[in-house]
Amino acid sequence: MAYASVRTLSPADDGKEVSVAGWAEDIRNLGGIVFVILRQREGTLQLAARKKENPPIFEALAGLVRESVIAAKGVLKANPQARNGWEVFPTQVEVLSRAEAPLPLGVVDKVGADLDTRLDNRVMDLRKPERRAIFHVRDLLIGGIREYLHRHGFVEVTTPKLAGAGAEGGATLFRTDYFGKVAFLSQSPQLYKQMLMATGLDRVFELSPAFRAEPSDTVRHVTEFLSFDAEVAPIRHQEDFLKILEGCVANAIASVREHGKPYLDLLAADPKAPSLPIPRVPYSEALDLLAVEGKNLRDGDDLDTEAEKVLGRVMAAKGHDLFFLVEYPSAIKPFYVMVKEDDPDVSYSFDLEYKGDEMASGGQREHRYDRLVARMKGVGLNPEAFEFYLRAFRYGMPPHGGWGLGIDRLVQKVLDLPNIREAILFPRDRNRLVP
RNA sequence: GCCCCGGUGGUCUAGUGGUCUAUGAUCUCGGUCUGUCGAGCCGAGUGCUCGGGUUCGAAUCCCGACCGGGGCGCCA
């Protein structure tokens with residue numbers, strides 16, 4: 001007999017013989033009767049045994065160690081006193097995997113635990129439904145992104161995560177040995193997805209890990225994160241794909257709102273659906289908005305954390321959790337960005353801000369070979385080291401653009417999680433490499 | 001990497017020089033209890049991050065290391 005899920009059983013199954021398996025979450029021995037709360041993926045159910053009616057089963061249940069995995073076969077009885085309105089009186093109980101005691105981290109203990117302790121014991125931590133709910137929401141967000149892009153003619157691709165050269169400079173790369181040569185862990189699929197724009201595979205997206213050896217130590221940085229990158233060609237201007245990005249994010253949040261109700265309830269979260277179009281705020285206008293709030297930045301400066309938060313509050317007050325910051329200064333953007341024809345200090349680039357945090361950044365790329373090489377030299381990069389990349393621009397490269405978006409941050413912000421690590425199963429940071 | 005704060009049983013916490021044979025909870029074990037669902041009641045068990053130093057005496061003060069929390073920088 002296959003093991004039944006708590007979801008498929010009901011009081012209507014009264015009198016039926018069932019087989020169930022799960023974790024023994026709690027054992028309540030009242031002397032003459034014992035109750036065991038059995039936890040499964042989709043919920044909990046109750047096993048019960050009376051000492052007078054079945055002494056061996058009573059002893060078997062009463063003697064269980066919490067969090068052991070057990071299987072029980074018995075008769076389902078409808079009972080309004082029991083959770084779900086029914087319970088199982090076993091005739092057979094088998095311990096499939098005995099848990100050690102004490103637990104390194106209680107699943108239903110009445111005391112909390114620090115995030116660090118929880119991550120050290122992530123398996124135990126993830127036994128809590130509210131922790132797993134985060135990853136169901138994450139799954140829904142990613143599903144919403146995939147679904148939207150497929151509907152708009154995109155192809156999902158994967159590009160190398162081991163590379164012989166860095167993508168953009170600036171961010172630090174993890175170095176590794178590659179049969180005696182130096183190799184790097186990919187910090188971004190940027191160069192590869194751009195190269196694809198010269199192939200006809202020119203509406204692509206990728207969901208893959210990115211690695212940054214930056215010694216960042218904050219609630220929104222990790223060294224390995226899931227990057228959602230997309231690139232589109234041919235385009236006339238940035239607006240051609242900003243529409244796609246906002247549609248994508250809206251669809252992802254809609255997907256969570258539509259299919260993730262139980263998870264959102266468990267997490268006491270209720271993410272707002274953005275109203276489209278998401279506002280485009282030019283950098284210069286952002287400086288003005290900040291000045292009104294008493295936060296003065298010099299023209300050309302990148303927004304610091306405080307400015308980002310203040311701007312986030314200003315826009316939230318206008319009803320916008322999400323907004324695009326467009327027309328960034330060229331100087332604080334990577335070499336591959338396209339600069340404005342009539343004002344080279346300003347670039348065709350953007351950041352997507354969500355609740356005071358940078359969610360995505362992107363822009364139109366420089367597709368003209370000579371200008372691209374000139375910009376590379378301008379930021380101190382050696383074009384010869386990027387020959388594999390530049391070659392794609394010499395034989396017909398359409399105008400293109402795209403973005404990179406941090407999935408972990410998206411999950412964090414959608415659910416208002418205090419730390420990005422909550423949104424990652426086994427996060428990697430400056431100090432954590434295990435588990 | 002920088003600034004501030006911290007590290008006490010498996011877990012979470014009280015304790016700022018002697019009154020600490022270290023508080024409480026949770027947990028574990030034993031007992032009790034025939035409807036629990038944060039089960040109750042009784043009893044027991046488990047601990048001052050590591051290394052140096054100050055002092056008659058250190059969980060408590062000082063130095064270092066490691067680790068953690070918050071913030072900044074950097075970015076997704």
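**Figure 1. Asn84 sits in a loop of this predicted model.** At 40% relative accessibility, Asn84 counts as partly exposed. That class lies between buried, under 20%, and exposed, over 50%. The loop that holds Asn84 runs between strand S4 (69–78) and S5. Asn84 is not a glycine, yet its phi is positive, about 70°.

**Figure 2. Phe179 is another residue with a positive phi.** Its phi is near 50°, and Phe179 is a residue other than glycine. Look for Phe179 in the loop between strand S8 (175–178) and strand S9 (181–185). Phe179 has 78% relative accessibility, so it counts as exposed.

**Figure 3. Two cis peptide bonds lead into prolines.** One runs from Ala101 to Pro102, with omega near -5°. Pro102 belongs to the loop between S5 and H2. The other joins Leu276 and Pro277, and here omega is about 0°. Pro277 lies in the loop between helix H7 (261–266) and strand S12 (280–282).

**Figure 4. Gln46 is a buried residue of strand S3.** Its relative accessibility is 10%, so Gln46 counts as buried. The side chain of Gln46 makes a polar contact of 2.9 Å with the side chain of Glu87. Neighbours within four places in sequence are left aside in the contact list of Gln46. That list holds Phe35, Val36, Ile37, Ala82, Arg83, Glu87 and Val88.

**Figure 5. Asn121 is buried in a loop.** The loop lies between H2 and helix H3 (122–125). Asn121 counts as buried because its relative accessibility is 19%, and the cut-off is under 20%. Leaving aside neighbours within four places in sequence, Asn121 is in contact with Pro104 and Leu105.

**Figure 6. Many residues surround RNA strand B.** There are 54 of them, and the closest are Arg28, Lys52, Thr218, Thr305 and Arg430. By class, this surface has 22 charged, 17 nonpolar and 15 polar residues. Now turn to the RNA side. Of its atoms within 4 Å of the protein, 53% belong to sugar or phosphate, and the rest belong to bases.

**Figure 7. Bases and phosphate of RNA strand B approach polar atoms of the protein.** A base nitrogen is 2.9 Å from a polar backbone atom of Asn29. Asn79 uses its side chain: an N or O atom there is 3.1 Å from a base nitrogen of RNA strand B. At Asp114, a polar backbone atom is 2.9 Å from a phosphate oxygen of RNA strand B. Several elements give two or more residues to the surface near the RNA, among them strand S1 (17–29), strand S2 (33–40), helix H2 (115–120) and helix H9 (305–317). Strand S15 (357–364) is also one of these elements. The largest share, four residues, comes from S15.

**Figure 8. Phe205 and Phe228 form one of twelve aromatic pairs.** Their ring centres are 6.4 Å apart and their planes stand at 85°, so the pair is edge-to-face. Phe205 is in strand S10 (residues 203–211), and Phe228 is in strand S11 (residues 224–232). The two are 23 residues apart, and the pair links distant parts of the chain. Both Phe205 and Phe228 are buried.

**Figure 9. Phe324 and Phe350 make an edge-to-face pair.** The ring centres lie 5.5 Å apart, with planes at 85°. Phe324 lies in strand S13 (residues 322–326) and Phe350 in strand S14 (residues 349–354), so the pair ties together parts that are 26 residues apart in sequence. Both Phe324 and Phe350 are buried. Ring pairs also build a cluster, which links Phe205, Phe228, Phe241, Phe324, Phe350 and Trp403.

**Figure 10. The largest nonpolar core has 62 residues.** Leu149, Phe228, Leu352, Trp403, Leu405, Ile407 and Leu415 touch the most other members. Take Ile407. Leaving aside neighbours within four places in sequence, Ile407 is in contact with Arg138, Ile142, Ile145, Leu207, Leu226 and Phe228. A second, separate core has 22 residues, including Leu9, Ile27, Ile57 and Val88.

**Figure 11. Helix H12 (residues 407–414) is largely enclosed by the rest of the structure.** Eight of its eight residues are buried, so the helix earns that description. Among the buried residues of H12 are Ile407, Leu410, Val411 and Val414. Asp408, Arg409, Gln412 and Lys413 are buried there too. Just after H12, Asp416 takes a positive phi of about 55°.

Terms used:
Residues are numbered from 1 along each chain as its sequence is written. Chains are lettered from A and ligands numbered from 1 in the order in which they are written. This is a predicted model: local features need pLDDT of at least 70, side-chain atom pairs count only at pLDDT 80 or more; totals for chains, interfaces and linings use all residues. Side-chain values use heavy atoms; hydrogens and water are left out. A residue is near a molecule or strand if one of its heavy atoms lies within 4 Å of it. A polar contact is a pair of N or O atoms within 3.5 Å; within protein, one must be able to donate a hydrogen and the other to accept it, and residues adjacent in sequence count only if both atoms are side-chain atoms. Ala, Val, Leu, Ile, Met, Phe, Trp, Tyr, Cys and Pro count as nonpolar, Asp, Glu, Lys and Arg as charged, and the others, Gly among them, as polar. A nonpolar core is a set of buried Ala, Val, Leu, Ile, Met, Phe, Trp, Tyr and Cys residues joined through side-chain atoms within 4.5 Å. Buried means under 20% relative accessible area, exposed over 50%, partly exposed in between (1.4 Å probe, protein chains only). Contact means heavy atoms within 4.5 Å. Rings of Phe, Tyr and Trp (its six-membered ring) pair if their centres lie within 6.5 Å; planes under 30 degrees apart count as stacked, over 60 as edge-to-face and the rest as tilted.
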